[in-house]
Amino acid sequence: MPEKPLSAPTEKDETLPFNVGVDDGYAAVKLAWYGPDGTIRTHSVPSRIQYGAPGIGFLPGEEQRKVWGYETDGVMYAVGSGVSGVSTRFPDYNLSPLSRVLAHHALIASGFSGEEVRIGSGLPLDRYFREEKEGKRPDEIRAGHKIENFSRPVRRLDGGEPVRIVKHKVLPQALAAVADWLFDGTSFRDQKAPIGVVDIGGQTTDISVIDPEFQANHGHLRTVDLGVLDVRDILGRQILNSHRDVDKITDVGLDEAMTTGALLIWGKEVSVREKLSAAVREVEARLEQEILSVFGKEASSLETILFVGGGSHVFRNLPERFPSAEVPDAPAFANARGFLKILALKDSGGR
């Protein structure tokens, strides 16, 4: 259970739901919430899920279990680092039962079992807005679909208490990243010029410009199908091409290779660091061209270019090519922190 505030809350405060920022990505679900000392706490779980209940050997009472079981809409799912996982790389993943179960799992794994929570989640700018006669307007239908998706009940197969999402606000992701950058929890930075945002995720990279007064610049906006999972795919193919005696690499093995640059093959640790570097460079070069294409000749006039998302660590050389680039602390959690800060700023309906 999340820790309660250190100061003695009133009875009314004690019954308020928790505010939680939820960045439900293709590769991982990232959460952010306020701890008892007022600092932001974060937690991340991999977006690894498969159909069916957990297999024999994963006991419901195990605190350190690697696989959890859930049911929603009459379908059972196994979630955790110990499953092979189905692909999350499909259109409208964020409106699917897979995303719903993974978000609930992340909340439970972060200690919110049995709690009421108010969450803020996001959509890329090009999906958050839609074209109307009057110009770009928030797509309330798509946002509503996401809210409805997350509101459907998710049952824990171990009999534990679920999470109750009592309120859900869908926000534009790039604005959340800028909110995180500009607001430190007590005061705002001055924004003198437009801010560029490069949000590198697992499946996609969102490139956008946020003008002063916190407005999206719709002339400089693009979501491209490039991300960390592309590096993972390339690395997997390169390993198989150079090791003909290997038929398949497990998801766990590829994760290890991405993290450490090494892989266990036939009982021996094999370095794949050069292959990993080559895969990163290949995707990084394509990302650089997409970024330059979106920002155009105005790149030098941007106040800063924020590099956020989990891919900021993988493509760590990319910001060096832009003199005004900034990478915030723990960039993978920038959107989740931004969602949380916006929730807290809008009203005091949570804690």
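The questions and answers below go through some strand, salt-bridge and exposure assignments in this predicted model.

In this predicted model, local features need pLDDT of at least 70 and side-chain atom pairs count only at pLDDT 80 or more, while totals for chains, interfaces and linings use all residues. Residues are numbered from 1 along each chain as its sequence is written, and side-chain values use heavy atoms, with hydrogens and water left out.

Q: Why are β15 and β16 called paired strands?
A: Strands are DSSP runs of E with at least two residues, helices are runs of H or I with at least four, and both are numbered from the N terminus. Two strands pair if DSSP finds at least two bridges between them; four bridges join β15 (residues 262-265) to the antiparallel β16 (residues 268-271), so the pair meets that rule. Within this pair, I265 stands opposite K268 in β16.

Q: Why is W266, in the loop between β15 and β16, called exposed?
A: Relative accessible area, computed with a 1.4 Å probe on protein chains only, is called buried under 20%, exposed over 50%, and partly exposed in between. W266 has a value of 68%, so the residue counts as exposed. W266 also has a positive phi of about 50° although it is not a glycine.

Q: Why does A330 count as partly exposed?
A: The relative accessible area of A330 is 39%, which lies between the two cut-offs, and therefore the residue is partly exposed. A330 is found in the loop between β18 (325-326) and α10, and has a positive phi of about 45° although it is not a glycine.

Q: What makes the contact of R41 with D37 a salt bridge?
A: A salt bridge is a side-chain nitrogen of Lys or Arg within 4 Å of a carboxyl oxygen of Asp or Glu. The closest N and O atoms of R41 and D37 are 3.8 Å apart, so the pair satisfies the rule. By this rule the count comes to 20 salt bridges.

Q: How do you know that D139 is buried, and what is its partner R130 called?
A: D139 has a relative accessible area of 14%, so the residue is buried, whereas R130, at 31%, counts as partly exposed. The closest N and O atoms of their salt bridge are 3.9 Å apart.

Q: What does the salt bridge of K341 and D180 tie together?
A: The side chains of K341 and D180 meet at 2.9 Å, N to O. K341 lies in helix α10 (residues 334-346) and D180 in helix α5 (residues 173-182), so the pair ties together parts that are 161 residues apart in sequence. Both K341 and D180 are buried.
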